[in-house]
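This report describes selected features of a molecular structure, taking helix packing, strand pairing and a contact between chains in turn. The sequence and structure are shown below.

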Amino acid sequence: MLKAVVGFITGIVFIGIVGWNMADVMMLREVESPYGVEETAARIQRNMQSLSANGWTLSGLRNPAKAVANSGMNVPPVLLVEGCSTKYSGPILKNDATRILSILMPCTITVYKKDNGKTYIGLMNAGLMGKMFGVGDIMAQVAKDQEIFITFDPKKPAPPLIKTSPGGGGGAGGKASDGC
Amino acid sequence: MLKFKYKGSLLALTFVLSIGMIWPVHANDAKAPEKAVVSGAVDVFGIAVDEQKKKSTADHSKFKELQVDFKDGPAVTKACISCHTEASKQLHKTKHWNWDYINADTKQHLGKKNVINNFCTSVPSNYKFCTACHIGYGWEDENFDFTAEEKVDCLVCHDTTGNYKKLPGLAGHPNYKTMEWPPHSGKFRAPTDLKQVAQAVGKTSRATCGACHFRGGGGDAVKHGDLDSSLTTPDRYLDVHMDAKGLDFSCSKCHTSDSHEVAGSRYQPTAVDDKGTLIRGSKEERNAATCVACHGNVPHFGEFAKMNEHTDKIACQTCHIPAYARGNKQTKMSWDWSTLGKMDDQGHAMKIKGSDGSVIYDSKKGDFTFDHYVVPEYQWFNGEVEFTLADTKIDPTKVVKINSFKGSYDDGKSRIWPTKVFRGKQMFDKGNNTLVVTSLSDDPETALWKNFDINKAVEYGMKYAGRDFSGEVGWVETEMSWPITHMVAPKEDVVECHQCHTENGRLAGIEGIYIPGTNTTPLLDKLGFIVAFLTLIGVLIHGAIRYFMHKRGG
Amino acid sequence: MAERIYIFKRFERFWHWSQALLIIFMMLTGFEVHGVYNIFGFKAATELHTIAAWTLVSLWVFAIFWHFTTGEWKQYIPTLEKVDAMLKFYLTGIFTDAPHPFKQTTVSKHNPLQRLAYLFVLAIINPLIWTTGWFYLFYGSWENWGFGWLSLEWVAFFHVIAAFMMLIFFIAHIYLATAGHTVTAHIKAMITGWEEVED
């Protein structure tokens, strides 16, 4: 009996430790980009626009590094590319039980530079998040689209970075910063 | 090897929620309004004109000599030197005027008019264009009179209005007539109001020095990386000394001058200063524009005292400038001339812009790359710089160093410096294996930017410079180093310990220095941990035998 | 019939345990400074290691004073007498509950193997780790001390070697602490001061 209890507790602790250490790896993904911060962000924007058939529109571009600089500190460049698809956000927002997930909206992809000078893309693991919150089907689609957002065609020239959202964001948003 | 991963990882929900909670902090920052500059009467430079006037004992607008409608720049200078009788003579002795310099240590003949770099490469045959950044009027060819006092341009350094601009192509003059600028932009610049500018002269400022030094390489932020127009009115994060709302240093606070000779040099930089503070009145002949000249040899105290033990190997700048081009301006990182001349579908010269709006291809110049917030490359440096000059034989199969920073860990006079390394591919004389002078802008028949014929351009440039040319142009890869010394971050933003004290940290690859924490003794570590592990196994086995023997024995 | 003798005085016990904590902590932070893992962060690890070093220095000032005033330093005089018996005991006797070949007394509380081990610590590990550590700490003063020719690389190298030796000693020491007539006998003695010895 004692052995069983000890084993059980050890198992829980073990899984807890592993989970604790794996949480960031599972929930978030980091991918290296071959381009600079601006070009990476611009290419993601272009890819998002190419999926307008799935309802994607750009809903904003944020520069949190600038806010930090304005308060007098130095941080390496970060750009948050925000996009939204009412096709996916609609059903989530319609349901009282999942409406709280609006906290994850708009869909954000972060592009940033690290101390090694390289550019990285940070993504939310949409598929897993979806499963955790009971909207697995929708988020699986988002995950698929996300994959397309970060697949770049080096043959295409660098597109310009779009600093405000063209024609208003998706969903309820009108202005660049409103989002879904 | 033991490698523990320790991350401040958060559970998913907490993470998401906290993002949500932090969110409002950054909301709207993308369109945050530009902050107002210093209050009071502010000109375009961000300098409080009234305040400067109050401090001065002379109000130049009251001088009759300046209440004249000047026809050109030299006319203004004549008025200036009618009182400041020795000013031009002083300036005639400076690098700012001569663009000519002999390094007393290396005996190399340097100076802007002599060196060849990997930006626009060379001055001769392009004077009208290049001398927009000369402190004189009318240097358009070899026959310029360097003894003419009225040809010194006082205004470019002493302007306080921001309305005085010398435009490329005018050989150092501002425009006296209405002129389209930039060319083909459809925008027009009114004639320069010389009277207004002359009456408002004052001390030099970040803006006046920056008019040339921020725009080295032909445009804002292009060349240096640590000097660009974001330093005109910088915030504290960008440069703790020049912070417009804080210490508000002008360039001349550090780059002091005596008889118009300004302290500091890129031809003979002071890489190591261990002579302590330079006290007022000191007769020492040394560069006043070093960190040590104000901060002394032992600048850290309290919990940072350990940092004083880094200064024997590391320049102040290495820690205190964590990255350059932090002012949100893109600095040019590379320039490939070999791709110049591509035309658009209509056969016209073109410019292609990158994602951030900088030109990444120009038919006149080739391909560029840009970057900002750039982590420097680090090098040992003792202050001696050796240039590849016009007549230096090069090995075109290797990357040619336009300038090499001398120094090593064991010469006792070097420090590890942050540098911007600018990489290029540029024209050279394939027959003679030398770098070349190229006609870019002035000559209508041969100038590269008008004719797009590199052979003609180099041939003319070489002839103009009086150099031997084999007739064959090739492309060679080049590198040029620039010491990073401006854009000093606030102390809380210095390079942190672990950024160097880690495997593959910032100083990885720097020879001759032991940096704790960089995993430099893998063999010893392996051996040590194996022996420790075997000891552990040994005692465990011993213990196990004891346990079982004891049990069996009862 | 077991007899109880008072072997470890109060200061000695305090010294032992605080030193143990410091050494464990210094191994933990030290190997981080060396770059083996990342727990506190390099900066914090360095600072903590330094603080611990100074604490240990102060502790040793008292310990040296104590050893000389009490004459206890004699406990560390090495002897080869009965070393073979001790070795034989650890290799065979201990498994068959054979009698311990060494009898602890208050004037002779370390067995001959212990004396050799502590001699090794005192004569090899400590001088190495203390001098290299001292130089490491005062890197900025080498020039003034006339040691400008020293290289940090070698100072660090020997400091790390000594650290590994300490780690190995530490493992063996902990194990041998369980090798009393009961598993916890030595440990109890180090806590209470009283050791049970057989007649």
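## Helix packing in chain C

In this predicted model, helix H1(C) meets helix H2(C) through a set of residues that includes C:Phe11, C:Trp15, C:Leu22, C:Phe25, C:Met26 and C:Val33 on the H1(C) side. The H2(C) side of this contact includes C:Phe42, C:Leu48, C:His49, C:Leu56, C:Leu59 and C:Trp66. Sorted by class, the contact comprises 15 nonpolar, 7 polar and 1 charged residues. Among the polar participants are C:Ser18, C:Gln19 and C:Thr29 from H1(C), while C:Glu32 of H1(C) is charged.

H1(C) spans residues 10–33 and H2(C) spans residues 42–70. The two helices pack at an angle of about 155°, and their axes lie 9 Å apart. Because angles over 145 degrees count as roughly antiparallel, H1(C) is roughly antiparallel to H2(C). The crossing of the two helices is left-handed.

## Contact between chains B and C

Chain B contributes 33 residues to its contact with chain C, which contributes 28 residues. On the side of chain B that touches chain C, the elements giving two or more residues are helix H15 (497–500) and helix H16 (522–553) of chain B. H16(B) gives the most to this side, with 14 residues. By class, the residues on the chain B side divide into 14 nonpolar, 13 polar and 6 charged.

## Overall composition of chain B

Chain B has 554 residues, of which 39% count as buried. The chain holds 16 helices and 17 strands. Among its contacts with a separation of 6 or more, 67% are between residues 24 or more positions apart.

## Strand pairing in chain B

Strand E10 of chain B (residues 366–371) pairs with strand E7 of chain B (residues 331–336) in the antiparallel sense over 5 bridges. Within this pair, B:Ser334 stands opposite B:Thr369 of E10(B). E10(B) is also joined to strand E9 of chain B (residues 359–362), through 2 bridges and again in an antiparallel arrangement. Here B:Asp362 stands opposite B:Gly366 of E10(B). E9(B) and E10(B) form a hairpin with 3 residues between them.

Strand E17 of chain B (residues 473–483) runs parallel to strand E13 of chain B (residues 400–401), to which 2 bridges join it. In that pairing, B:Lys401 stands opposite B:Glu479 of E17(B). E17(B) also pairs with strand E15 of chain B (residues 415–429), in the antiparallel sense and over 11 bridges. One of the bridge partnerships between E15(B) and E17(B) places B:Lys420 with B:Trp482.

## The open sheet of chain A

Chain A has an open sheet of 5 strands, ordered E1-E5-E4-E3-E2, with antiparallel pairing. Strand E1 (28–33) and strand E2 (56–62) of chain A stand at the edges; each has a single partner strand, so one side of each is left without a neighbour in the sheet. Neighbouring strands of this sheet are turned by 25° against each other on average, direction ignored.

Strand E4 of chain A (residues 107–113) and strand E5 of chain A (residues 119–124) run antiparallel and are joined by 4 bridges. In this pair, A:Thr110 stands opposite A:Gly122 of E5(A).

Notes:
Residues numbered from 1 in each chain as written. Chains lettered and ligands numbered in written order. Predicted model: local features only at pLDDT ≥ 70, side-chain atom pairs only at ≥ 80, totals over all residues. Pairing = 2+ DSSP bridges. Buried ≥ 20, exposed ≤ 12 C-beta atoms within 10 Å, placed from the backbone. Contact = placed C-beta atoms within 7 Å. Axes fitted to C-alpha atoms, helices over the stretch in contact; angles between N-to-C directions. Parallel < 35°, antiparallel > 145°, perpendicular 65-115°, else oblique. Left-handed = near helix turned anticlockwise from the far one by under 90°.
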